[in-house]
Amino acid sequence: MSPTLRSAAGSDVGRRRPMNQDSAGTTTRLLAVADGMGGHPHGEVASAVAIEVLLDLDQRLPDDLGEVDLAAALGEAVVEAADRLTELAKADPELRGTGTTVVAFLVDGGRIGVAHVGDSRAYLLREGELFRLTRDHTLVQALLDEGRITPEEAAGHPRRSWLVRTLQEATPVEPDLFAVDGRVGDRYLICSDGVTAVLDDEALREVLVSVTDRDEAVERLIELANEGGGPDNITCIVADLVEDEPQDNPPFVVGAVAARG
């Protein structure tokens with residue numbers, strides 16, 4: 001029996017933002033979170049377009065993904081989303097400069113393709129150990145990689161959210177694309193930085209280990225992020241790779257598009 005994905009998702013505006021610019025979508029084989037860039041015009045439109053294009057990709061892919069390069073398919077969809085944003089901005093000048101982060105999984109049994117751009121994150125919990133699968137596309141992460149600042153300085157850096165790579169209109173998009181070999185028992189977290197700006201990796205691991213119910217784990221992460229000040233919109237997906245018969249995930253929607261199960 002092939003491994004099957006089970007997921008739960010949730011979103012909250014947080015405590016300091018007037019609206020939710022995050023979008024997300026889930027199906028039986030697609031998980032995606034997009035965080036519209038705060039301070040930019042209509043970030044909610046950019047995030048919704050990204051999720052809509054990814055859901056469209058899932059609809060047009062064959063039922064059997066055995067011959068599909070999962071990461072490459074996601075990469076093509078991310079480029080398509082950027083092109084669509086560019087066309088929208090040409091028609092509506094108010095959308096110029098709009099952009100979003102994206103993290104997306106496309107899953108075929110134990111094969112998982114990942115696309116990532118920006119500072120939303122994906123994690124893998126395996127046998128109690130938490131691994132960060134994505135690398136933030138931020139100025140602070142670049143400084144950290146170069147050894148110019150310490151992890152402690154990075155955590156409190158005033159420009160920690162300064163993005164150096166995004167999905168943005170009129171800008172070539174360069175997502176990180178890679179594959180993950182999934183195992184039955186793996187747990188995955190995909191989240192916007194409204195979660196990780198407040199909770200460090202150990203706090204995330206504690207929730208993912210101790211709260212076995214996926215819906216309750218999502219609720220707990222959102223609760224803790226708000227208790228920590230809720231400085232940004234909060235969106236997360238918790239997914240388990242299980243050995244079971246395929247079935248539709250419960251519908252989930254945040255933003256201007258609907259999840260399709």
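In this predicted model, Thr26 of strand β2 stands opposite Leu31 in strand β3. The two strands, β2 and β3 (residues 30–35), pair in the antiparallel sense over five bridges. Their connection is a hairpin, which joins β2 to β3 through three residues.

Strand β2 covers residues 22–26, and five of its five residues are buried, so the strand is largely enclosed by the rest of the structure. The side alternation can be followed residue by residue: Asp22, Ala24 and Thr26 point one way from β2, while Ser23 and Gly25 point the other way. Residues on both sides are buried.

**Salt bridges**

The count of salt bridges comes to 16. Three of the pairs are set out below.

| Pair | N to O distance | Relative accessible area |
|---|---|---|
| Arg60 and Glu80 | 3.0 Å | Arg60 51%, Glu80 25% |
| Lys90 and Glu87 | 3.5 Å | Lys90 60%, Glu87 48% |
| Asp176 and Arg165 | 3.0 Å | Asp176 23%, Arg165 25% |

The side chains of Arg60 and Glu80 meet in a salt bridge. This pair links distant parts of the chain, with Arg60 in helix α1 (residues 43–60) and Glu80 in helix α2 (residues 70–91), 20 residues apart. Arg60 is exposed, whereas Glu80 is partly exposed.

Lys90 forms its salt bridge with Glu87 inside one element, helix α2. Because the two residues are three apart in that helix, about one helical turn separates Lys90 from Glu87. Lys90 is exposed at 60% relative accessible area; Glu87, at 48%, counts as partly exposed.

The third pair in the table is formed by Asp176 and Arg165, with the closest N and O atoms 3.0 Å apart. This pair, too, links distant parts of the chain: Asp176 belongs to strand β10 (residues 176–181), and Arg165 lies in the loop between α4 (151–155) and β9 (167–168), eleven residues away. Asp176 is partly exposed, with a relative accessibility of 23%, and Arg165 is also partly exposed, at 25%.

Salt bridges that share partners join Glu52, Asp56, Arg60, Glu80 and Arg84 into one network. Arg60 and Glu80, the pair described above as linking α1 and α2, are thus among the members of this network.

**Negative patch and helix α7**

Charged residues also gather without salt bridges. Asp213, Asp215, Glu216 and Glu219 form a patch of negative charge on the surface. One of them, Asp213, is located in the loop between α6 (201–210) and α7 (214–227). Its relative accessibility of 34% places Asp213 in the partly exposed class; a patch residue must have over 30% relative accessible area, so Asp213 satisfies that requirement.

Helix α7 also contains Ile222. Is Ile222 buried or exposed? With a relative accessible area of 12%, Ile222 is buried, because the cut-off for that class is under 20%. Ile222 and Ile234 are separated by twelve residues in sequence, and their C-alpha atoms are 6.4 Å apart in space.

Technical notes: Residues are numbered from 1 along each chain as its sequence is written. This is a predicted model: local features need pLDDT of at least 70, side-chain atom pairs count only at pLDDT 80 or more; totals for chains, interfaces and linings use all residues. Side-chain values use heavy atoms; hydrogens and water are left out. A salt bridge is a side-chain nitrogen of Lys or Arg within 4 Å of a carboxyl oxygen of Asp or Glu. Helices (H or I, at least four residues) and strands (E, at least two) are DSSP runs, numbered from the N terminus. Buried means under 20% relative accessible area, exposed over 50%, partly exposed in between (1.4 Å probe, protein chains only). Two strands pair if DSSP finds at least two bridges between them. Patches are made of residues with over 30% relative accessible area and no salt bridge: like charges are joined within 9 Å, nonpolar side chains (Val, Leu, Ile, Met, Phe, Trp, Tyr) within 5 Å. Accessible areas come from the Shrake-Rupley method with a 1.4 Å probe; for residues, only the protein chains shown count as cover. Lys and Arg count as positive and Asp and Glu as negative; His and the chain ends are not counted. The place of a charge is taken as NZ of Lys, CZ of Arg, CG of Asp or CD of Glu.
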